[in-house]
Amino acid sequence: MPASALVLGGDLGGTSTRIVIADHEGNVIGRGAAAGGNPTSHPASAAANFGQAIHQALDGIDAQLVRTAVIGMAGGPALSNPGIRAQFDAAWSGAGLVCDPRYIGDLEIAFASGTPEPDGTVLIAGTGSNVGLVHDHALVRTVGGHGWLLGDDGSGFWLGREAMRSVLQSIDLREPLGILGEAVVAATLTDPGLRVAAEREGYDNLRDELVRTVNNRPPVMLAELARTVVAAYDQNDKTAHALVKRAAELLIETVSRLRTTSDNGPLVLAGSVAGESSPVGRLLRQNIHEHFDGEVLTARDGVGGATWLALGALDPALATRANHARLVS
């Protein structure tokens, strides 16, 4: 291995694309960022954003010195589409890169960003939810992650949908909407005039306007109401507290499909809903030890985890704890 060998790590999310170039000692020498690079959520622009982030990260660097690359993305299966894969290949070669990139799932890089251990479990709870079992740094089994229509229990989408359902139930029962209900109405009917008119004309009109508005938007946008649930939770709204508690229970139930009480490897929690600042994440951390042993950790910088995996692919001896701490901090 030449001393000049470099590695590339990538994290292609729905919101942003991030690329890191590091030397063989784990020192970051280049960074690039662009808009969302998930080919499932952004099929028309993901490859272009990917290429933009790569070019930015390689500014002033000889691309041919990059010997290994690990790139994580939630929309990995989309690369089985020949057209989308051709776009990604063109972005890659167009940057002057000659090594073959290894594309892996977001579960693997989330786990690697949370711990240098080779084996354990990872839970991602953001817009959706998914759990994976990791062995020797590779994903060997998953549960959950069935998407908003069939699953994603306890996720941001689940919180948003259940919040809207609670409002519609209150309207059906002619009950006061409460803090959460009023906030959901305000977040959904963003035109003040429309909202006032709907409320003035009565429960039925308000219900119909909410249903119409939600059904005219992409379903995944219900996940935006997760923030509304958290805000109402902080104001001690009873419905919000019940939803947060149930979300944590559902996520623990999903983990239990994969992880047994005999597993003692680390459990890495990732995603905004499972984060340390989220009330769902706090409940997860409080209650998970009632069901499972092992250390509970928080995922850190996903692109750092991918870069560390790329170091290990270049030479297993480089995948040290010191390099891990340097890259994911």
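**Exercise 1. Classify T188 and describe its surroundings.**

T188 has 2% relative accessibility and therefore counts as buried (buried is under 20% relative accessible area, exposed over 50%, partly exposed in between, with a 1.4 Å probe and protein chains only). Before going on, note that this is a predicted model, where local features need pLDDT of at least 70, side-chain atom pairs count only at pLDDT 80 or more, and totals for chains, interfaces and linings use all residues. Residues are numbered from 1 along each chain as its sequence is written, and side-chain values use heavy atoms, with hydrogens and water left out.

Step 1: place the residue. T188 belongs to helix 5, residues 178-188 (helices are DSSP runs of H or I with at least four residues, strands are runs of E with at least two, and both are numbered from the N terminus).

Step 2: list the partners. Setting aside neighbours within four places in sequence, T188 is in contact with M164, L210, T213, V214, R217 and L225 (contact means heavy atoms within 4.5 Å).

**Exercise 2. Work out how strand 6 is covered and paired.**

Step 1: check burial. Strand 6 spans residues 120-125, and 6 of its 6 residues are buried.

Step 2: sort the side chains by direction. G120, V122 and I124 point one way, while T121, L123 and A125 point the other way; all are buried.

Step 3: find the antiparallel partner. Strand 7 (residues 129-135) runs antiparallel to strand 6, and 6 bridges join the two (two strands pair if DSSP finds at least two bridges between them). The link between strands 6 and 7 is a hairpin of 3 residues, and V122 has G132 as its bridge partner in strand 7.

Step 4: find the parallel partner. Strand 9 (residues 267-270) runs parallel to strand 6 and is joined to it by 4 bridges. There, I124 has A270 as its bridge partner.

**Exercise 3. Examine two positive phi values outside glycine.**

Step 1: take H137. Its phi is about 70°, positive although H137 is not a glycine. H137 sits in the loop between strand 7 and strand 8 (138-144). With 24% relative accessibility, H137 counts as partly exposed.

Step 2: take N236. Phi is near 65° here, again a positive value in a residue other than glycine. The loop between helix 8 (226-234) and helix 9 (238-256) holds N236. At 59% relative accessibility, N236 counts as exposed.

**Exercise 4. Find what G13 touches.**

Step 1: locate G13 in the loop between strand 1 (6-12) and strand 2 (16-23).

Step 2: look beyond the neighbours within four places in sequence; G13 is in contact with G36, G37 and N38.

Step 3: check one pair. The C-alpha atoms of G13 and G36 are 5.6 Å apart, with their positions 23 residues apart along the chain.

**Exercise 5. Judge the overall fold of the chain.**

Step 1: count the elements. The protein chain has 12 helices and 10 strands.

Step 2: test the globule rule. A compact globule of 329 residues would have a radius of gyration near 20 Å, and the chain has 22 Å, which agrees (the radius is taken over C-alpha atoms, and the rule is 2.2 Å times the number of residues to the power 0.38). The C-alpha atoms fill a box of roughly 75 × 45 × 30 Å along the principal axes.

Step 3: look at burial and contacts. Buried residues make up 50% of the 329 residues. Of the contacts with a separation of 6 or more, 65% are between residues 24 or more positions apart.
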